[in-house]
Protein chains: 2
Amino acid sequence: MSINLTILGCHSATPRINAHTTSQFLDINNRTFLIDCGEGTQVQLRKYKLRFSKIQCIFISHLHGDHFYGLIGLISTFMLHKRNHELHLYGPKGMKEVITLQLKLSKTWINFGLYFHELTSKSSELIYEDDKVTVHTIPLKHRIYTNGFLFKEKDGDRKLNMGKIIKHEEIDVCDYRNLQLGKDFKNGDGSIIKNELLTFPATPGKSYAFCSDTMFSKSIVPIIENCDLLYHETTFLKDKEELATTTMHSTAQQAGIIAKMANVKNLIIGHFSARYPDLNLFKQEAMAEFKNTELAKAGKEFQV
Amino acid sequence: MSINLTILGCHSATPRINAHTTSQFLDINNRTFLIDCGEGTQVQLRKYKLRFSKIQCIFISHLHGDHFYGLIGLISTFMLHKRNHELHLYGPKGMKEVITLQLKLSKTWINFGLYFHELTSKSSELIYEDDKVTVHTIPLKHRIYTNGFLFKEKDGDRKLNMGKIIKHEEIDVCDYRNLQLGKDFKNGDGSIIKNELLTFPATPGKSYAFCSDTMFSKSIVPIIENCDLLYHETTFLKDKEELATTTMHSTAQQAGIIAKMANVKNLIIGHFSARYPDLNLFKQEAMAEFKNTELAKAGKEFQV
């Protein structure tokens, strides 16, 4: 069980030399996800030698170019590389029309299963689940329909308490799996030994909340509460708080306040406006509210 | 009068680190044009410090991603930079639908005149003309509807032959402009002095032919005949001539043959497949047919 996040781009608006727009590569419990896909993302994936053929799902927060314009190129590259396993896309309604129109006009025939999961709900919903991982949306407040995403590992198996188990002769090795899964043990005489007497609690699953473009919004706090790692956008510093409100973005201070209110363990900030040459000012401002803050940077890895 | 061409990308299929897809920045007689716009073109424009706000027209050869997927991002950047002068887009039918759909979904309101000139003709046609420059399409043979473009300077003014002019007292300085424009001179007695007796021929306009993705096609020769500079795609070497035919691309040898048949002055080759690590093999193969061959390379400038 582990979460490994690599930042591919963390700047706002337009891609520039050494200032790539939003994209993140997420490895969670051996599931490989891409979050957002600004122009040039596929080259960033190559630069950091990430095995992008392994990507199973791509989550798109919203259809502004700096989060989305690299998606069609990445899909085309998968096709040219003769990908043969499914790709699932999660993003706002409209995504399917744009992608399929471009594939049609370029007469590109996709040789793998390409599944669109278009999102329209304004409440948090479960959009992905398998035996190890869940993904919920985090409805955000931006100029167009936007979601963040909460990635959670399911709790692991309970751990065998061998000191106790060996005292019960009836318990066989074959029973261990059921104990790990939390089941009670039934003796031959029908009596029950409660699972918690034979096992230790499971390792709780870790969680990562990605909060893309959004204005300051307390409504996300209950959804991201106590998560291990939070990414929150900080387009501006508080000197431009009014502009942040007008454009529906956040300041570094506001990101820090959200992290504190939600009692998260660590905060990453990004989506920096090009007007600020010194990114450390973002860190200082956020840290005044929430100490465990790190700056996003292309190529930087975060582990939970 | 001058033509100045900067290569922004010259590789086929997918953008990679240091292998950018097709785009060229063309300055012709003080008109600023962009030809094709693969993903990442806007970053290449910044890298080579080209004043891309000056671009007046963008010519798109076809709607394959490696020639087109950077266009929407560049338009969005123009909008964010508060561009306030017209932009004209020339490209295949379908271009307008893709671009406007993406602008609509991102709720992007363009604050400058954005004009689409969609092309459908299968014969060469004049698509742009002003007082100094013309642009004609070059119909190409590829998997989808594709055009090259022939950029031509109009001939300059005729040059005054002062040695002859001063012998005619009736000719005043005020008449010089008409002589430069090729008009005959009319004496007071109604007699005529032929223009060619008073002027030297004009400097002929230069020309640049951009031949994007195409299979070997002699039908383009009459259109590009005698041009000063020809760009012709060479995706493959002749070892893959069969694959070139199947995918409707050209080999370096075929590009050289076209340059020779069309009697052009200089040839640039590009659109190299990633399978060839040594690009000099392309140059050698083309030069066996046509000596004045140069390899395209990102950042390289060509002047006519």
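Below is a short chat about how the two chains of this predicted model meet and about one part of chain A.

Biologist: Anything to know before I look?
Modeller: It's a predicted model, where local features need pLDDT of at least 70, side-chain atom pairs count only at pLDDT 80 or more, and totals for chains, interfaces and linings use all residues. Residues are numbered from 1 along each chain as its sequence is written, while chains are lettered from A and ligands numbered from 1 in the order in which they are written.

Biologist: OK, how many residues of chain B are in contact with chain A?
Modeller: 31 residues of chain B, with 31 of chain A; contact means C-beta atoms, placed from the backbone, within 7 Å.

Biologist: Which helices of chain B supply at least two residues each to that side?
Modeller: H1 (41-47), H3 (71-80) and H4 (95-105) of chain B. Helices are DSSP runs of H or I, at least four residues, and strands are E runs of at least two, numbered from the N terminus.

Biologist: And how are the two copies related?
Modeller: A turn of 180 degrees with a shift of 0.0 Å along the axis lays chain B on chain A, RMSD 0.1 Å, by least squares on C-alpha atoms of residues with pLDDT of at least 70 in both. That's the relation of a two-fold axis.

Biologist: Which C-alpha of chain B is nearest the axis?
Modeller: B:Gly40's, 2.9 Å from the axis.

Biologist: Switching topic: how do E5 and E6 of chain A run?
Modeller: Parallel, with 6 bridges joining E5 (87-92) to E6 (114-119); pairing takes at least two DSSP bridges. A:Pro92 stands opposite A:Leu119 in E6(A).

Note on methods:
Two residues are in contact if their C-beta atoms, placed from the backbone, lie within 7 Å.
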